[in-house]
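Thanks for coming, everyone. I would like to walk through one structure with you, slowly, and I will explain each term when we first meet it.

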Amino acid sequence: MERILDLKIALWAVILMAVLGIIAVVAFGAAVLDGERGTKRFGAVAEAAVAVAEIPDTVKRMLGPDERLTIYKSERYDDKPTGWTLPAGKPWGLSGYILMSRYDGTRQHHVVELLSLEDWEVAYRWLPDGGELLHDAARTSAFADYGNWNSQYFRAIHPVLEPNGDLIVKDHFSPLVRVDACGRRVWINDSQMFHHSTEVDADGNLWLPSLAEPHTIRRVRDDFFEDKVTEVSPDGTVLFEKSVAQMLLDSGRDWMIFTNGEYRYDPMHLNDVEPALEDGPYWKKGDVFLSLRNISTIVQYRPSTDEVIWTKSGPWMAQHDVDILDDHRIAIYDNNAQMRGTGTFVEDSSEIMVYDFSTGQVASPLRNAMRENGIKTLFAGLFSALPGGFSLIEDVTEARFLLLSPDGKVAADFVNRAEDGRIYHLGWSRFVDKAFGDNVLTQIKKVNCNE
């Protein structure tokens, strides 16, 4: 040991080791960045570098509680009961179902439940298992988080209920899968990664956001999110697809997404595709309304002629979920979320904005109700107009449902708390007509899950 301590190291050797150390640090940082961006220049080395960089987070997760699917801490709900509460009793005159999608923190599994609005009981429950559904799916996307493709972390985002009791599900950036009432896979479409909303058109086909991989437009980096509008049949066949970036380029609106300033890898952020079910004075059956969150813009696009018909940016900010209310009005879930360099925030409250094509005016019919109930949805969020003037608000940020009566009062309230006391994420739900829901339950009774 003394000999080792007495050794004299030449200055050139010290300098060489320092230079090699700097080169190693730079190379490691480049590999981590490559792995995070999915640019694939370093191959397996990038994946290994990311794994090493994530060791502190991995250790933290192993030693502490699993908070991957819990929401931000919200003391406002500490005194609220778990599940549904009905402040004034069962809402009079309201019928039908809510197809609830949520992460069940007690089960540690995502569930989809058909909740009856007549007795407020769960009429049926699906338990889609991402590990089984996606075990043989293609894993070639640079944007998918394969760590979610298992039974514990897979989320059924905005599921669609088919007449026979099947569900069509996906996670954010995952294949699209149809499962039967027993949770068994009927088909899978892993030709691309689907994300955000799933809406049904007048012919029963599905409209979803997806990603173009490889890119269809020129001169963008590998990490560029090139959203597509995609139509899929109930049997999983892709019927139509169009790059949103190309759509805007073709219509001379490249200024919306490409500027001469700072590069943005996700300039559009398509989060909803809403099809028109019938002709109206301001749209045609088959038109789709697109919500582009990151530029606070709604786009009316006509697939039949490949035309952008109409766009409007604001007054909504970072909006989510556009719905057609009647033949001249659309509703937008205005998150009212802003980023000024110090974190995303909502200044006042989120609200539901209604745009009237006949007058060009914007109304906020639920503003007071949203303010009084402290709805500040930083991201996502859904609004559904229910029969009888009721409204369903899904506040995704705080994993809460509000059912508002026609006068804006809270008729029902839901907090997705588990037995461990923590609140877990919702998965985007929808209203189901009573006749349709009743028929589905009849069909499900005919299914034998033991076959």
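R219 counts as exposed, because its relative accessibility is 81%, and here buried means under 20% relative accessible area, exposed means over 50%, and partly exposed lies in between, computed with a 1.4 Å probe and with protein chains only. R219 sits in the loop between β10 and β11, where helices (H or I, at least four residues) and strands (E, at least two) are DSSP runs numbered from the N terminus. The phi angle of R219 is near 60°, which is a positive value in a residue other than glycine.

Before going on, I should say that this is a predicted model, in which local features need pLDDT of at least 70 and side-chain atom pairs count only at pLDDT 80 or more, while totals for chains, interfaces and linings use all residues. Residues are numbered from 1 along each chain as its sequence is written, and side-chain values use heavy atoms, with hydrogens and water left out.

The loop between β10 (206–211) and β11 also holds P214, and the peptide bond leading from E213 to P214 is cis, with omega near 5°. Another cis peptide bond joins G314 and P315, with omega about 10°, and P315 lies in the loop between β16 (307–313) and β17 (320–324).

A positive phi also appears at A399, where the value is near 50° in a residue other than glycine. Is A399 buried or exposed? A399 is buried, since its relative accessible area is 0%, and its place is in the loop between β24 and β25. T397 lies in the loop between β24 (391–395) and β25 (400–404) as well, and T397 counts as buried because its relative accessibility is 5%. The side chain of T397 reaches the backbone nitrogen of F379 at 3.5 Å. T397 and R102 are 295 residues apart in sequence, yet 13 Å apart in space from C-alpha to C-alpha.

R102 brings us to charges. Side chains of opposite charge can pair when their charged atoms come close. A salt bridge, in the sense used here, is a side-chain nitrogen of Lys or Arg within 4 Å of a carboxyl oxygen of Asp or Glu, and by this rule the count comes to 23 salt bridges. R102, D104, R107, E113 and R125 are linked in a network of such bridges.

Let me take some single pairs. The side chains of K434 and E118 meet in a salt bridge at 3.3 Å, N to O. K434 lies in helix α8 and E118 in the loop between β3 and β4 (122–126), so this pair ties together parts that are 316 residues apart in sequence. K434 is partly exposed at 29% relative accessible area, and E118 is partly exposed at 42% relative accessibility.

In a further pair, K228 forms a salt bridge with E241, and the closest N and O atoms are 2.6 Å apart. The pair links K228 in strand β11 (residues 227–232) with E241 in strand β12 (residues 238–243), 13 residues apart. K228 counts as buried at 11% relative accessibility, whereas E241 counts as partly exposed at 40%.

What about a charged residue that is buried and has no salt bridge? K170 is such a residue, and the nearest side chain of opposite charge, D171, is 8.3 Å away; for this purpose Lys and Arg count as positive and Asp and Glu as negative, while His and the chain ends are not counted. K170 lies in the loop between β6 (167–169) and β7 (174–179). The side chains of K170 and T198 are joined by a polar contact of 2.6 Å, that is, a pair of N or O atoms within 3.5 Å, where within protein one must be able to donate a hydrogen and the other to accept it, and residues adjacent in sequence count only if both atoms are side-chain atoms.

Finally, the nonpolar core. The largest one has 27 residues, and those with the most contacts inside it are L99, L114, W126, L134, L161, L167 and V169; a nonpolar core is a set of buried Ala, Val, Leu, Ile, Met, Phe, Trp, Tyr and Cys residues joined through side-chain atoms within 4.5 Å. The largest share of this core, 3 residues, comes from α8.
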